[in-house]
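Hi there,

Here is the structure I promised to pass on. Have a look at it first, and then read on for what turned up.

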Amino acid sequence: MTESGFKLISWVVAGALVGATLAIPQAVDPWEMPSLVLDRAAAVDAVRFDEALAAEASETKEAQTLRSLFLDHGRAEANPPYEVSDNDRRQVEIHRATEDLIDKHGPAAFEAMRARAVDELADIFFDGNHEPQNEEEIAVLGGFSEVAKSYGLVHGGVVVAPELTVRALYKARWNSIHRRSFVEGFSQVELQAYWGWLALHGWGKPLEKREDALVAFRDAGGFGTQEAAALFDLLSGRPERAAISLQRLYAARGELRLRNMGLGALHAALMTSRAP
């Protein structure tokens, strides 16, 4: 046998052993949520739409007043604690400025202001400045740096969340400050980016809120919701239900990892039933 022939046979045997090992049913701890997956083309289109809308933001007196109040809010938010009376006064002024802008220039002008704010955040955040470097950046970021840390958008100084998720969470903050629904003006893929991250990657957040986010993510057409729902059952102390769901997913998809996760959930169910 030649040396090259021996190497070929060795590789074939090694590959067969690996395949056999993977094929053997083995229980694994099913704790890891599926990662957030977004349609790349839809995500790019959403960002481009916001950029185009931001370019239409007006420089009218009403628009300037609203932006100034929003930046004032950011400065106060970045330097807690602040007087409740000051916050209440600012909220009333933001509400009035919002109504003035919409009354005189229409809803599109308001939407353009929101898109402009998100673009300003992106210019700072994706330039490596997760912490503000000057007064202008303090006003734009406000308390968003803490939000980014709290929700795991940044790890080790690197943005690990999809760009659209970062933009969506900031957009939700902007909406809240302007007394709007968190997800007002969101496209379908932005809803997925927002709710999907909260559900799948919101470790440390209340499980009930993450489950609510998963329902919203599913309603927005999110990917991987059935698997995530099974894992939420496990986290909620329902391992039998989780095992059944994972076994059904394995039957439908034939993915070995789902089979092994289902065995892990079944093992957890058995251990729970034996507990005193």
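A charge counts as sitting over a ring if NZ of Lys or CZ of Arg is within 6 Å of the ring centre and within 35 degrees of the ring normal. Arg210 fits that description: it lies over the face of Trp203, at 4.6 Å from the ring centre. Lys171 does likewise with Phe186, at 5.7 Å from the ring centre. Please keep in mind that this is a predicted model.

Now to the rings themselves. The structure holds eight aromatic pairs. One of them joins Phe125 and Phe144 edge-to-face, with 5.8 Å centre to centre and 65° between the planes. Phe125 lies in helix 5 (residues 107-125) and Phe144 in helix 7 (residues 144-150), so this pair ties together parts that are 19 residues apart in sequence. Phe125 and Phe144 are both buried.

Another edge-to-face pair is made by Tyr194 and Trp195, at 4.8 Å centre to centre and 75° between the planes. Tyr194 is buried, with a relative accessible area of 8%, whereas Trp195 is partly exposed at 22%. The cut-off for buried is under 20%.

There is also an aromatic cluster, formed by Phe70, Phe110, Phe125, Phe126, Phe144, Tyr170 and Trp174. Phe125 and Phe144 from the pair above are among its members.

One last residue to look up is Gln91, which sits in helix 4 (residues 84-105). Gln91 has a relative accessible area of 14%, so it counts as buried. Leaving aside residues up to four places away in sequence, Gln91 touches His73, Ile177 and Arg179.

Happy browsing, and best wishes!

How values were computed
Residues numbered from 1 in each chain as written. Predicted model: local features only at pLDDT ≥ 70, side-chain atom pairs only at ≥ 80, totals over all residues. Heavy atoms only, no water. Helix = DSSP H or I, 4+ residues; strand = E, 2+ residues; numbered from the N terminus. Buried < 20%, exposed > 50% of the residue type's maximum accessible area, 1.4 Å probe, protein only. Contact = heavy atoms within 4.5 Å. Phe/Tyr/Trp six-rings, centres within 6.5 Å; stacked < 30°, edge-to-face > 60°.
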